[in-house]
Amino acid sequence: MAASPIRFSIDGIAVEATEGQSVIEACDAAGIYIPRLCYHPDLEPSGTCRVCTCKINGRNGAACVTPASHGMIVENETPQLTDDRRTLIEMLFVEGNHPCPYCVASGDCELQALGYRLGMVAPRLPYQWPKHTIDATHPDIYLDHERCILCARCIVASRMQDGKTIFGFEGRGIAMRLNVDATGGLGATQMAAIDKAARVCPVACIVIKNDSYRVPNGERRFDIAPIGSDIEAKRKQAAS
Amino acid sequence: MTAGHATTVEAIVREFAADRTRLLDIIEAVQHQFGHVADNAIHAIATGLGIHAVEVEDTLSFYAFFDRQPRGRCRIRLSRTPISLMKGAQGVADAFTAALGIAMGETSPDGAFTVEWTSDIGMADQEPAALVNGRVLTALTPADVPGIVAALRQSGAADARLPNANIRSSLVQAGPVLSGELGGADIIRATLALPPEKVIEEITAAKLRGRGGAGFPTGMKWRLCRKAPGADHYVACNADEGEPGTFKDRVLLDEFPDLVFDGMTVAGYALGARHGLLYLRGEYAYMWDRLQRVLKSRRDRRLLGTAIGGREGFDFDIRLQLGAGAYICGEESALIESLEGKRGAPRDRPPFPTERGYLQQPTAVDNVETYACAARIMQHGAAWFTGYGTRESAGTKLVCVSGDCPRPGVYEVAFGMTVNELLDLVSAPEAAFVQVSGPSGQSVAPKDFGRRIAFEDLSTGGSTMIFGAQRDVLDVALQFADFFVAESCGWCAPCRVGTTLLKQGMEKIVAGRATLADVTATEQLANTVVRMSRCGLGQTAPNPILTTMRNFPEAYEARLQPGPFAPAVTLDEALREATSLRAHAPVTAEA
Ligand SMILES: Cc1cc2nc3c(=O)[nH]c(=O)nc-3n(C[C@H](O)[C@H](O)[C@H](O)COP(=O)(O)O)c2cc1C
Ligand code: SF4
Ligand code: SF4
Ligand code: FES
């Protein structure tokens, strides 16, 4: 028996989904960009950032963890949602220390790129100025906790793809931190620069040493096109 | 840790069959044995369970009652809530710090004492209250403190003559649910007389709705759970009772434990479940031994175990799980995560617990009071139950009254009672505002005292804090904002960061440094946190701010700075370090 197709609409556009797809997966395939931060297409979603929140059948829900279902009505680009998403990005900016102008990830950072895309001019929220240390114990990778947005990508990648479980969370609430599986720091773990976990960080928290300026500032992913353009290009292609 | 310690930890892991889902119990046992869980104990646990140390730390570091560093042998935790503070908790704290020569949060140099604040411990009707190594002290005054410290010094927290170590019965007014026999064989017999589907029909006909606060129809939940496919079905009882000002589940478990276990057994029969789990908040550890004895007695009477009530094939037993200081674990999916030995981070839905809950199996999570009601419904019938309350809200509610009120305690009242009628009943007609359903509920002003306690009007989990005219509504809202900062699980950005930013916004307002623009910004932020948070905690954490803004605008207006903008930090504050280094004040235009 062929499964009946799942059809739903997002901002009035009809989208088809396959069984088991989340709203964000189906929309990505259809070339419709839902802003997101913690979601990574290669990883199980954790739902930590809530940037992908849409109004789904009248109620807010995160698109990366909501299964697509037939007849769903999804609202994505509403002024209210854009405003709320921008506030979330601002919250993450003030929670950590993000000196974009001299950060190694500038132009490649998903947090920064979302700030631009969502129209964040300057954070209106008070900076928290947290104090974190840099973990430079690993020969090839450093961990700059100042930038960590606790998205859980590295945790999931290390556990599910690298089979290593090098990362975990520690503490709760505003005191929550990224933790590594050794008292001696990242250098005392089995972490390797070729691990998936080393390549999924959306910001400059997990940074591979001596690799950061291969692509010069000004020529990086989001210097060239706004975040989400690659997804939206699919739809434009299909239309032309 | 010596080799002997390592052996002890290994033995503890073995006692729980090296089962990773029992990590909470294992950490609990290690903490109990050594007073903290040291790094090498973490490694021994990880090795024993075949997991990584970072996973043990993930769970361990989440719960307020677990420590990685040694703390005092006597651990004094004073409850800090608006109610305890109005009853003099600050004076009691000062007496402890004076007697021990340490500040709050510190450990005495001899390692004998730690004294610190904790969130509400379920004793709002007998505050100031404290936990000392799991024992509960109530109705404390500064004058009691030297005697308590002396007794603790002499013979530790187990001392039988420890002053103030008694919990007064909180039940002031019993109604139909809390009257009559305490439960047992009759209720089980009446249940077994019906097929399981009919039991669910009876609960549905009684229009029973969840007493934990959300009011979900219990019959529907049970039906969904029963028909969900799964190798096993689970019945979970939510006794986390973390909402400040709530203590009815404590009364039920203290005084009517059989009625609660009856209700769980009824659910077990109705759902076709063999396993029940009761998640008891860490603050109620003092009940542990007694509840275990009640369970044992039920097994002896064939009310638990195999062939219950003589019915072949009806096997059901109940395990207790102790929590460890985390309000979020009352949220049903966080409770399930915690039952599985993990940090209490809620899950995204769907799937709902009724489809995939504990160990990914269909699970019905219900409140303690809900189970007590279910047991009574099986005893007296659905029509008896719907004879009380309103059309939408059948039956009665256990209301927990605390604060500026001469007769605090638990009152069983029919749904539909107005706030005014309740205030008369508890002899507190002068109330200036009432916090209904705890910090996550609403601040109700006198203009709304005609509203009714019912799911269709003022919905409540039971917490009812009464504040007289001498109390400051914004101070209370700030304390609640602080509570949510301490209790946010941290998983999602809007709640993790938002609760802290909201608290800071409230601090500025309460300090009289905010302008209208600040109040507006705080309100907008609060609404974003409501809309974007992942679970009920974040979605309700801004309520104290939003409901006071709505119901007490004059309290905000009175605190406002004129003008469009006031800086978050004053210039003097910002320059203090530079000023002290240079040893003179900055040169200004006027100077
Ligand atoms: C932050 C938070 C804390 C909660 N705490 C409790 C609690 O302590 N006890 C409880 O019964 N329900 C609590 N709930 C509600 C539960 O998620 C769930 O709805 C309830 O246990 C279902 O049982 P019921 O239908 O019998 O009310 C809480 C919900 C949230 C969001
Ligand atoms: S280190 Fe990077 S990938 Fe890992 S949680 Fe932090 S921000 Fe996410
Ligand atoms: S809303 Fe708060 S408590 Fe709930 S998941 Fe998010 S951080 Fe955790
Ligand atoms: S992208 Fe969906 S919650 Fe972060």
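Analyst: Let's begin with how residues get sorted: Ala, Val, Leu, Ile, Met, Phe, Trp, Tyr, Cys and Pro count as nonpolar, Asp, Glu, Lys and Arg as charged, and the others, Gly among them, as polar. Also keep in mind that what you're looking at is a predicted model.

User: Okay, let me try that out. How do the residues of the shell around ligand 1 divide into classes?

Analyst: Just go through the shell and put each residue in its class. Around ligand 1 you get three nonpolar, eight polar and seven charged residues.

User: And which residues around ligand 1 are the closest?

Analyst: A residue joins the shell if one of its heavy atoms lies within 4 Å of the ligand. For ligand 1 that gives 18 residues, and the closest are B:Gly212, B:Asn238, B:Glu332, B:Asn367 and B:Thr370. You can also ask which elements they sit on: β10 (363-367) and α21 (536-540) of chain B each supply at least two residues of the shell. β10(B) gives the most, with three residues.

User: Now the polar contacts. How far is an oxygen atom of ligand 1 from a polar side-chain atom of B:Asn367?

Analyst: Here you look for pairs of N or O atoms within 3.5 Å. For B:Asn367, a polar side-chain atom lies 2.7 Å from an oxygen atom of ligand 1. An N or O atom in the side chain of B:Lys221 is 3.0 Å from a ligand oxygen. With B:Arg211 it's a polar backbone atom that takes part, at 3.3 Å from an oxygen of the ligand. As for cover, ligand 1 taken alone exposes 610 Å², and the protein buries 88% of that.

User: Let's move on to ligand 2. Which residues come nearest to it?

Analyst: Read it the way you read the last shell. Of the 13 residues around ligand 2, the nearest are A:Cys148, A:Cys151, A:Cys154, A:Cys201 and A:Cys205. Sort that shell by class and you find 12 nonpolar, no polar and one charged.

User: What about ligand 3: which residues are closest there?

Analyst: Ligand 3 is surrounded by 13 residues, and the closest are B:Cys489, B:Gly490, B:Cys492, B:Cys495 and B:Cys535. Its shell has eight nonpolar, four polar and one charged residues.

User: Next, the chains. How many residues of chain B are in contact with chain A?

Analyst: For an interface, count the residues on each side, then look at the area that gets covered. Here 39 residues of chain B touch 39 residues of chain A. The two chains bury about 3,200 Å² between them, with 56% of it on carbon and sulfur atoms. On the chain B side, B:Trp491, B:Arg496 and B:Met532 supply 22% of the buried area, more than any other three residues.

User: Can I read domains that way too? Into which domains is chain A divided?

Analyst: Sure, treat each domain as a partner. Chain A has domain 1 (7-77) and domain 2 (84-224), with 24 Å between their centres, taken over C-alpha atoms. The contact pairs 21 residues of domain 1 with 21 residues of domain 2. About 1,600 Å² is buried there, and carbon and sulfur atoms give 61% of it. In domain 1, A:Leu37, A:Leu43 and A:Val51 lose the most area, together 39% of what that side buries.

User: And in chain B, how much area do domain 3 and domain 5 bury between them?

Analyst: About 900 Å², 67% of it on carbon and sulfur atoms. In domain 3 of chain B, the residues that lose the most area to domain 5 are B:Tyr327, B:Ile328 and B:Pro346, together 50% of what that side buries.

Conventions:
Residues numbered from 1 in each chain as written. Chains lettered and ligands numbered in written order. Predicted model: local features only at pLDDT ≥ 70, side-chain atom pairs only at ≥ 80, totals over all residues. Heavy atoms only, no water. Polar contact = N/O pair within 3.5 Å; in protein donor to acceptor, adjacent residues only side chain to side chain. Areas by Shrake-Rupley, 256 points an atom, 1.4 Å probe, with all protein chains shown as cover. Helix = DSSP H or I, 4+ residues; strand = E, 2+ residues; numbered from the N terminus. Buried area = accessible area lost by both parts, 1.4 Å probe. Contact = heavy atoms within 4.5 Å. Domains from an automatic or database assignment.
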